[in-house]
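I'm opening a fresh page for this one. My plan is to go through a few lookups and jot down what turns up.

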Amino acid sequence: MSLTDAYDPQNIFAKIIRGEAPCYTLYEDDDTLAFLDLFPQSYGHALVIPKRSAARNMLDVDTEALCKMMVTVQRVMRALVEELKPDGVQVAQFNGAPAGQTVFHIHFHVIPRFAGEGLGIHAAGKADPAELEALQARLVKRLQQGG
Ligand code: AMP
């Protein structure tokens with residue numbers, strides 16, 4: 001997948017936005033959606049996507065959608081920090097397959113980092129659904145409190 005290929009509306013995140021595929025939603029507004037990564041690289045690994053922008057990466061996303069994503073990234077990061085008390089948080093975003101991108105709808109990773117714990121392998125081990133559900137409940141509650 002090159003940086004300039006056309007947007008594929010059948011990508012998994014587009015399906016999630018249309019309600020055709022499930023996700024563990026953490027936060028949603030008119031423009032953005034945040035949900036748990038199914039193959040987390042750390043406990044609490046979340047993703048933030050734009051809902052109205054058919055963009056694959058930072059090159060083709062419109063500035064307004066990008067800014068709105070960053071507001072949600074900060075909101076989710078604050079909730080993750082308050083709820084999970086990580087020692088750090090990594091924000092990552094990949095453009096094109098050679099850079100590590102596997103889903104071609106622009107997204108930011110928000111990855112809590114815990115001292116002494118390495119980063120899990122990217123998009124590899126699927127999380128236990130019960131663990132994701134429990135984590136979702138904690139984080140949704142925290143986000144509703146304005147965290
Ligand atoms: P990237 O490799 O930057 O494109 O990131 C895509 C991310 O989406 C990876 O971290 C995957 O684990 C994650 N992912 C893939 N499919 C799903 C899904 N259905 N729900 C949640 N996360 C997903």
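**Notes on the ligand and its surroundings**

My starting point was leucine 38: one of its polar backbone atoms is 3.2 Å from a nitrogen atom of the ligand. Worth keeping in mind as I go on: this is a predicted model.

Next I checked side chains. Aspartate 37 has a polar side-chain atom 2.5 Å from an oxygen atom of the ligand. For histidine 122, I found an N or O atom of the side chain 2.5 Å from a ligand oxygen. How much of the ligand does the protein bury? Taken alone, the ligand exposes 510 Å², and 93% of that is buried by the protein.

Then I looked at the whole shell. There are 17 residues around the ligand, and those that come nearest are Asp37, Thr102, Val103, His109 and His122. I sorted the shell by type and got 10 nonpolar residues, six polar and one charged. Helix H1 (12-18) supplies at least two of the shell residues, and so does strand S2 (32-36). I also looked up the pockets: the largest is the space that the ligand takes.

Last entry, on another spot: alanine 6. I found it in the segment before H1. Is alanine 6 buried or exposed? Its relative accessible area is 65%, and exposed means over 50%, so alanine 6 counts as exposed. I also took a distance from there: the C-alpha atoms of alanine 6 and arginine 52 are 16 Å apart, with these positions 46 residues apart along the chain as the separation.

Conventions: Residues numbered from 1 in each chain as written. Predicted model: local features only at pLDDT ≥ 70, side-chain atom pairs only at ≥ 80, totals over all residues. Heavy atoms only, no water. Near = heavy atom within 4 Å. Polar contact = N/O pair within 3.5 Å; in protein donor to acceptor, adjacent residues only side chain to side chain. Areas by Shrake-Rupley, 256 points an atom, 1.4 Å probe, with all protein chains shown as cover. 1 Å grid on protein atoms, 1.4 Å probe; cavity = no way out; pocket = protein on both sides within 12 Å on 5 of 7 lines; lining within 4 Å. Sits in = over half its atoms within 2 Å of the grid points. Helix = DSSP H or I, 4+ residues; strand = E, 2+ residues; numbered from the N terminus. Nonpolar A, V, L, I, M, F, W, Y, C, P; charged D, E, K, R; others polar. Buried < 20%, exposed > 50% of the residue type's maximum accessible area, 1.4 Å probe, protein only.
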